[in-house]
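Please open the structure in your viewer and keep the selection panel handy. We will go from stop to stop, and at each one you will hear what to select and what to look for.

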There are 2 protein chains.
Amino acid sequence: MIEKLIEGIKKKNAPVVVGLDPMLGFVPGFIKEKAFQELGETLEGAGEAIWQYNRGLIDAVADIVPAVKPQIAMYEQFGLPGLAAYKKTVDYAKEKGLVVIGDVKRGDIGSTSAAYAAAHLGRVKIGDHAFPVFDEDFATVNPYLGTDGIKPFIDAARENGKGIFILVKTSNPSSGEFQDRKIDGRPLYEWVGEKVAEWGAFHMGSTYSYVGAVVGATYPEMGKVLRALMPKAYILVPGYGAQGGRGSDLVPFFNADGLGAIVNSSRGIIAAWQQEKYARFGEKAYADAARAAALDMIDDIRSAL
Amino acid sequence: MIEKLIEGIKKKNAPVVVGLDPMLGFVPGFIKEKAFQELGETLEGAGEAIWQYNRGLIDAVADIVPAVKPQIAMYEQFGLPGLAAYKKTVDYAKEKGLVVIGDVKRGDIGSTSAAYAAAHLGRVKIGDHAFPVFDEDFATVNPYLGTDGIKPFIDAARENGKGIFILVKTSNPSSGEFQDRKIDGRPLYEWVGEKVAEWGAFHMGSTYSYVGAVVGATYPEMGKVLRALMPKAYILVPGYGAQGGRGSDLVPFFNADGLGAIVNSSRGIIAAWQQEKYARFGEKAYADAARAAALDMIDDIRSAL
């Protein structure tokens, strides 16, 4: 799947992933009204609203970006109807040729991580059958539990032609609280990065590993160090736009081949219609606003690289 | 909710939580056959099988233990039907007076953690309404992202009378890979433990905080240090039984008041019918076997304390 991702990035000349984090406040009124009229102001109504919203977004960006990254928390908060919308979103994006990165940040011990890995990257065995479940192409994984929490995800990725991105240095303000603490003179995130490189070395596509890393755009200097430490790891870079990262901050995350990183923007794209800059589109054309914002982001990154 | 948990522990004289981690391999054949006959060897069939299995287990232990801890990964792997079984399990256990600890190990940045917190401890707002979603009493949380990943869970716990257990030192063999690394002379898990104590100090029940910690039974010496470092934190202790922890290992996790820890056993109880020791019960009486194993565990811990 890392090959498909790289191919998409090259073909569209866009190392960009659109984060599908559908907070209800981002969903245009006309979509919510219709969904609530049909299903009430209920979990079902909310699930329908975010699904319809996502469908419009996917249609609007599928030809210009290689991937989308639904954030499962935004669906899980609406319970089963929300998770049904998540699954529909994953399936629809794949139908449209997009690579789907499930931002699930799961991680547990051995057999439990194996169950999560089956849910998101593999298949679950029931009697004589094996079923794909949420079936994203990539999943994000939390490293706090160490190798035996990670390995089941790597195994599932290998067996199913999928991939993972392991949290190394997250984009949030307090990420340094533990991640930046020095161990033998080097911050924890470097030790985690070193492990990512080690795990990845045994799990390679043709040029990059399908074991990647998450490193926030908000920390470009750390990105530079981590880039060098994990030369074969694809880096998923959140924090562009709304969280403060700019195109020029992104250069250190890329390799000399122009590859090696894919930058996420969520609300900066999907809620563009609420920004003054894209207000001309109006609520009805929220998807066109998202497309315009995605094109602007692609330009910003292209000109920085 | 920490008060209700402590009250239950005292009343039943059992600092024990039964882990509801229903791997299909643990579910007796007669339950699976019935579910598969009705719904096929499908996700729906698996969801029905684990729900029926859990119901029997809950009925068998509700009067002798204060709490259950469903591990959501084991349900998530069966997709929406699995998560429907999770929700039914949470609701049924609460109906039976049990405290429910959702072992979800979620954790993300600000607004995303807030969505997870709404899903598991709070309510989600939809129009003029606010709905409880999975609505467990406690949730486990991963600390890797620091305070702004944790705070939304603490807020939701405070507002809704719930609680959390933050991963400090996990029970698995490779937990030391990052958690044991020394920072200024002290292992990472101690720094996380110190934060738990700090967060907890502002979020107290009458004697203990509703911000607790997870520390594996497999590391009793670390448990001793962490017990002293977090005197007001309730410690959720996994790793008893199948993972190698014994009653005598548990003493360091408790305070002098005999409180401060609750010990989890999952397969040691719920799959007791498959152990030689409880084979006399037979498959049909799997729930009686679970009850016997829970009583043995309670005795083991009582005599150790």
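## Stop 1: Chain A as a whole

Start by selecting chain A and showing it as a cartoon: its secondary structure comes to 12 helices and 12 strands. The radius of gyration of chain A is 19 Å, close to the 19 Å that the globule rule gives for 305 residues, so chain A is as compact as a globular protein of that length. Keep in mind as you look around that this is a predicted model.

Now turn chain A about. Its C-alpha atoms fill a box of roughly 60 × 55 × 35 Å along the principal axes. Of the 305 residues in this chain, 62% are buried. Among the contacts in chain A with a separation of 6 or more, 71% are between residues 24 or more positions apart.

## Stop 2: Two chains together

Next, show chain A and chain B in two colours. A turn of 180° and a shift of 0.0 Å along the axis lays chain B on chain A with an RMSD of 0.0 Å. The two copies are thus related as by a two-fold rotation axis. Which residue of chain B comes closest to the rotation axis? Select I183(B), whose C-alpha is at 2.5 Å from the axis.

Now look at where the chains touch. Here 58 residues of chain B are in contact with 58 residues of chain A. Select helix α6 (residues 110-120) of chain B, which gives the most to the side that touches chain A, with six residues. If you colour that side of chain B by residue type, you will find 30 nonpolar, 19 polar and nine charged residues.

## Stop 3: Helix α5 of chain B

Select residues 79-95 of chain B, which form helix α5. At 1.5 Å a residue, these 17 residues should span 24 Å, and the end C-alpha atoms are 24 Å apart, which agrees. Show the buried residues of α5(B), including L80(B), L83(B), Y86(B) and V90(B). What covers them? Part of the cover comes from α5 (79-95) of chain A, and chain B adds β1, α3, β2 (67-70), α4 (73-76) and β3 (99-106).

Just after this helix, click on G97(B), which takes a positive phi of about 85°.

## Stop 4: Two residues with a positive phi

Most residues other than glycine have a negative phi, and most peptide bonds are trans. Select K105(B), a residue other than glycine with a positive phi near 40°. K105(B) has its place in strand β3 of chain B. Is K105(B) buried or exposed? It counts as buried, because it has 29 C-beta neighbours inside 10 Å.

Now move to D184(B), which is not a glycine but has a positive phi of about 50°. You will find D184(B) in the loop between β8 (182-183) and β9 (186-187) of chain B. With 9 C-beta neighbours inside 10 Å, D184(B) counts as exposed.

## Stop 5: Helix α12 of chain B

For the last stop, select residues 286-304 of chain B, which make up helix α12. Its 19 residues should span 27 Å at 1.5 Å a residue, and the end C-alpha atoms are 27 Å apart, which agrees. Show the side chains of its buried residues, among them Y286(B), R291(B), M297(B) and I301(B). Then add their surroundings in chain B: the buried residues of α12(B) pack against β1 (16-20), α3 (43-61), β12 (261-265) and α11 (267-270).

Key
Residues numbered from 1 in each chain as written. Chains lettered and ligands numbered in written order. Predicted model: local features only at pLDDT ≥ 70, side-chain atom pairs only at ≥ 80, totals over all residues. Helix = DSSP H or I, 4+ residues; strand = E, 2+ residues; numbered from the N terminus. Rg over C-alpha atoms; globule rule 2.2 N^0.38 Å. Buried ≥ 20, exposed ≤ 12 C-beta atoms within 10 Å, placed from the backbone. Contact = placed C-beta atoms within 7 Å. Expected span 1.5 Å × (residues − 1). Least-squares fit on C-alpha atoms with pLDDT ≥ 70 in both. Nonpolar A, V, L, I, M, F, W, Y, C, P; charged D, E, K, R; others polar.
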